[in-house]
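User: I would like to learn how the features of a structural model are read, going from the whole chain to helix pairs and then to single residues. Could you take me through them in that order?

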Amino acid sequence: MSNLLSIPFKKTYPVNVKEASRSYIYAHGGGHPDEFKDDINLWQNLRKDVVGGVVHVNRINAFLLYHVQLVSILTKFPADIGLEIAYAPVFQENVVPITLRNLVFERCGVLFNLASLYSQLAASEDRSTMDGIKRATANYQHAAGVLSFLRTSAIPKIVYSPEEDIPQDLSDTFVTSLELLMLAQAQECSWQMAKLNQYKNALIAKVAARTIREASPSIKDMFPSYWLPHIEAKFHHFSAVSQYRKSMDEIEASRYGTEIAWLQEAQAETKKAYDIARRGRIAPPVVQDIQSLLEIVQKNLSRAERDNDLIYHQDVPASSALVAIAQTNLVSSTVPSGLTDPTSLIGNGRLIFGELVGWGAKEAIKALERPIGLPPSLLRKAEEIRLEDGPTKIEVSIEDVQRLAQQDQAILDEAMDILDNEASEDEAARKYSHLDRLPSHEANVELIAKEKRYRTILAQAAASDETVRQKWDEWEQNIVELTWSEEDLEASIPSSTISSSAVTTVQGRETQNHARALRVQIEALDDLHRTREQLVRRVRTLATADDVRERVTRVAVGFARLTEVTPAMFEDMSDEELAKYDKFLVEMSEIGQRQVAIIAEIQRLNELFLRSRKDDPAVKEREYALQHLDLAYHKYREIMGNLDEGIKMSVEPDQRKNSSPNSALIPPSTSTAPQSGGIVTIASASQSSSSTNANQPEMGSPSLNTSSGPGSDAEGSNTLQPHAGLQTLTPTLVTPARGNKKLASGKSGLELPPLTSSEWEFEDVKLPPPPPTPNRRS
């Protein structure tokens with residue numbers, strides 16, 4: 001039993017290559033399926049050769065050859081041709097396999113099993129001889145190289161659909177762990193070779209030190225239970241081996257105290273390795289190796305301590321004072337030449353479906369005749385507006401802004417009506433008596449100035465709102481188009497391949513003509529390729545059946561006896577026989593000349609085609625339409641930003657009050673116009689409950705109250721009280737609520753918080769005494 005690990009095969013199951021490939025060829029053209037009967041059978045046979053658990057060095061070429069053919073097949077077919085391929089997870093062959101319709105998944109499985117084959121060949125080698133160690137080292141390096149090739153060249157090309165299971169044993173992390181493990185075991189074989197070659201102890205210590213660096217995998221839950229103890233025990237084992245060899249190097253240099261320190265470290269590491277190996281139930285050869293090393297280390301430690309105590313008397317340094325052992329790497333990942341240079345495997349052989357036009361070329365030709373499609377970025381923007389119901393959202397926001405603007409204007413007008421009524425009352429009172437206070441038009445100067453500022457702001461906001469409305473009217477149709485379905489939106493965009501302008505315009509017709517001519521030449525090149533393959537097949541058939549030995553024998557018998565026969569005597573006969581192939585050479589030469597001419601014509605037509613598309617009106621129309629839709633999306637965002645900002649300024653008076661030292665009703669700077677789309681509201685609703693302000697009357701405009709209370713004299717009874725209508729300058733403005741829903745007290749139709757008179761920031765004005773009441777004669 002080997003003391004090294006090997007990777008088991010990923011179990012796979014038979015697949016019906018014939019049905020899937022025939023169906024794909026029949027559905028997607030390129031020829032009749034019967035034309036490729038030999039190719040399909042070859043594919044099926046190659047897969048059978050690599051399926052199974054036989055471990056033999058001859059199977060390496062079978063894996064490499066099948067992999068080359070898979071790479072060739074993937075140039076002709078897409079990854080999904082309806083062929084269901086099943087592979088069970090490695091280490092779990094009895095669980096339900098993962099089945100994918102993906103030829104790249106098949107390629108990854110083949111590469112993984114090739115690496116498994118290399119590792120199993122390495123583990124089965126007899127490492128008691130130098131040749132066996134060399135073969136094991138090479139196979140482990142090849143296993144690491146195949147895993148590296150799998151990780152970098154095959155796995156990144158697998159594309160999984162959301163509903164497919166992802167094989168975790170083909171993840172980058174898992175494959176990297178196996179690759180590092182293979183390198184560690186190759187390094188162990190190199191250490192064994194260095195030991196058999198009796199290298200210096202210092203070098204062997206460095207080789208052993210390098211072995212432990214790559215030992216621990218980064219993931220652990222996918223490995224068998226005995227693998228992890230094996231790897232951990234090997235880690236401590238080779239740490240001890242390195243330290244033991246270092247102690248031998250120290251004794252050779254007569255550093256006996258340092259020798260004891262390294263032996264103590266080696267003893268500690270060996271005991272750890274032995275404990276792990278005993279508990280983990282790993283392979284008996286590994287346990288025996290560790291136990292043997294432990295006995296050697298303990299024996300040498302006892303001898304070294306005794307000699308040092310009796311003879312040398314050198315100080316034993318602490319473990320922290322020991323210099324780390326340098327590492328020497330003797331191995332690296334080696335990718336087999338069959339993977340890096342696949343043509344070397346094929347040689348004169350044929351590739352599967354070599355005569356079939358690749359699916360990529362077919363798609364490129366079809367692309368000239370089908371719509372290009374819309375850019376993904378535009379589709380995402382259209383989906384965003386469609387989910388937000390953009391046009392409806394803008395219309396509702398515009399209505400809200402207009403209603404708030406009307407409400408602001410009504411509140412300001414009503415406030416001014418109250419001031420006008422107060423001025424009329426003040427003027428009437430002055431007709432009866434002299435008042436020791438400022439006239440109303442002088443006392444209300446500050447309020448009138450504020451009113452003018454508010455009206456200016458409202459006018460500027462109205463102008464900004466009108467600008468937003470005009471912008472919406474201009475871009476409404478384009479924004480509405482972005483809410484259409486993908487099919488309708490694509491139909492509305494001019495196509496650069498099938499649009500009517502491509503036929504009606506001179507430049508468009510020229511582009512179409514170049515495209516047709518280019519396709520004709522590509523098809524001619526494909527026909528020429530098939531003709532050449534058929535010619536080669538005829539020549540090989542003739543060469544197989546052509547046997548000149550009988551004629552050579554007859555000619556040789558015709559020579560006189562005792563005549564020395566030389567090759568020159570058969571030149572005439574050879575020329576006659578080779579003349580049969582002259583017609584094939586002439587035909588092949590003609591095919592080569594035609595191929596050169598066709599390729600030159602394809603290059604010329606391609607340049608003309610590309611040049612014509614630069615000035616093609618269809619291309620320009622499409623670019624303009626796409627740019628216009630993209631600009632419409634940005635206009636939509638701009639309009640919504642303006643409207644949202646205007647509504648935000650209207651429904652957040654408290655925030656505006658904190659941001660403005662002068663007024664809660666206007667922006668921080670009244671010298672600049674409000675931002676576009678912003679409706680500056682004075683108040684969104686009034687305080688409907690008067691009980692809240694009963695003890696805290698709001699200072700509005702003064703009014704006369706000539707009623708006198710009991711016990712008051714004629715002069716004192718004429719006290720000045722706040723007018724009942726001036727207790728608040730935020731009268732309730734009744735607005736219809738949506739859905740005829742009854743509004744709660746103090747709430748507006750927009751569910752906005754009510755404004756109290758304290759938010760108007762009116763200043764308390766000390767009122768003069770009221771005028772005397774004229775004495776009436778009874």
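User: What share of the contacts in the chain with a separation of 6 or more comes from residues 24 or more positions apart?

Analyst: The model is a predicted one. In it, 80% of the contacts with a separation of 6 or more join residues 24 or more positions apart.

User: How many helices and strands does the chain have, and what percentage of its residues is buried?

Analyst: There are 25 helices and 4 strands in the chain. Of its 778 residues, 41% are buried. The exposed surface of the chain comes to about 41,800 Å², with carbon and sulfur atoms supplying 52% of this area.

User: How should a pair of packed helices be described, in general terms?

Analyst: The description of two packed helices rests on the angle between their axes and on the distance between those axes. A case here is α9, residues 256-280, with α10, residues 284-312: they pack at about 155°, and their axes lie 9 Å apart. Helix α9 is for this reason roughly antiparallel to α10. The crossing in which α9 passes α10 is left-handed. Sorted by class, the residues in this contact are 15 nonpolar, 7 polar and 4 charged.

User: At what angle do α15 and α17 pack, and how far apart are their axes?

Analyst: Helix α15 (residues 390-432) and helix α17 (residues 445-481) pack at an angle of about 165°, and the distance between their axes is 11 Å. The two helices are therefore roughly antiparallel to each other. Their crossing is left-handed. On the α15 side the residues that meet α17 include Ile-394, Ile-398, Val-401, Leu-412 and Met-416. On the α17 side, Leu-447, Tyr-454, Leu-458, Trp-472 and Ile-479 are among the residues in this contact. Charged residues take part as well, among them Glu-395, Asp-408 and Asp-413 of α15 and Arg-455, Asp-465 and Arg-469 of α17. The full tally for the contact is 14 nonpolar, 2 polar and 8 charged residues.

User: Is the crossing of α1 and α2 left-handed or right-handed?

Analyst: Helix α1 (residues 17-28) and helix α2 (residues 37-50) have axes that come within 9 Å and cross at roughly 145°. Here α1 passes α2 in a right-handed crossing. From α1, the contact draws on Val-17, Lys-18, Ser-21 and Arg-22; from α2, it draws on Ile-40, Trp-43 and Gln-44. By class these are 3 nonpolar, 2 polar and 2 charged residues.

User: Let us turn to single residues. Is Val-50 of helix α2 buried or exposed, and which residues does it contact beyond its neighbours in sequence?

Analyst: A residue counts as buried when its relative accessible area is under 20%. Val-50, which belongs to helix α2, has a value of 7% and is therefore buried. Apart from neighbours within four places in sequence, Val-50 contacts Arg-59, Ala-62, Phe-63 and Tyr-66. The C-alpha atoms of Val-50 and Ile-60, 10 residues apart in sequence, are 9.0 Å apart in space.

User: Where does Leu-103 lie, and what surrounds it in terms of contacts?

Analyst: Leu-103 is part of helix α4, which covers residues 103-123. Its relative accessibility is 2%, so Leu-103 counts as buried. With neighbours within four places in sequence set aside, Leu-103 contacts Trp-43, Ile-73, Leu-74, Phe-77, Pro-78, Ala-79, Ile-81, Leu-83 and Ile-85. Trp-43 also appears in the contact between α1 and α2. Between Leu-103 and Gly-82, 21 residues apart along the chain, the C-alpha separation is 9.5 Å.

User: Finally, backbone angles. Which value does phi take at Ser-254, and where is that residue placed?

Analyst: Phi at Ser-254 is positive, about 65°, although the residue is not a glycine. Ser-254 is placed in the loop between α8 (227-252) and α9. Its relative accessibility of 40% makes Ser-254 partly exposed. His-313 is another residue other than glycine with a positive phi, in this case near 55°. The loop that holds His-313 runs between α10 and α11 (337-340). At 55% relative accessibility, His-313 counts as exposed.

Definitions and conventions
Residues are numbered from 1 along each chain as its sequence is written. This is a predicted model: local features need pLDDT of at least 70, side-chain atom pairs count only at pLDDT 80 or more; totals for chains, interfaces and linings use all residues. Side-chain values use heavy atoms; hydrogens and water are left out. Buried means under 20% relative accessible area, exposed over 50%, partly exposed in between (1.4 Å probe, protein chains only). Contact means heavy atoms within 4.5 Å. Accessible areas come from the Shrake-Rupley method with a 1.4 Å probe; for residues, only the protein chains shown count as cover. Axes are lines fitted to C-alpha atoms, for helices over the stretch in contact, and angles run from 0 to 180 degrees between N-to-C directions. Angles under 35 degrees count as roughly parallel, over 145 as roughly antiparallel, 65 to 115 as roughly perpendicular and the rest as oblique. A crossing is left-handed if the near helix is turned anticlockwise from the far one by less than a right angle, and right-handed if clockwise.
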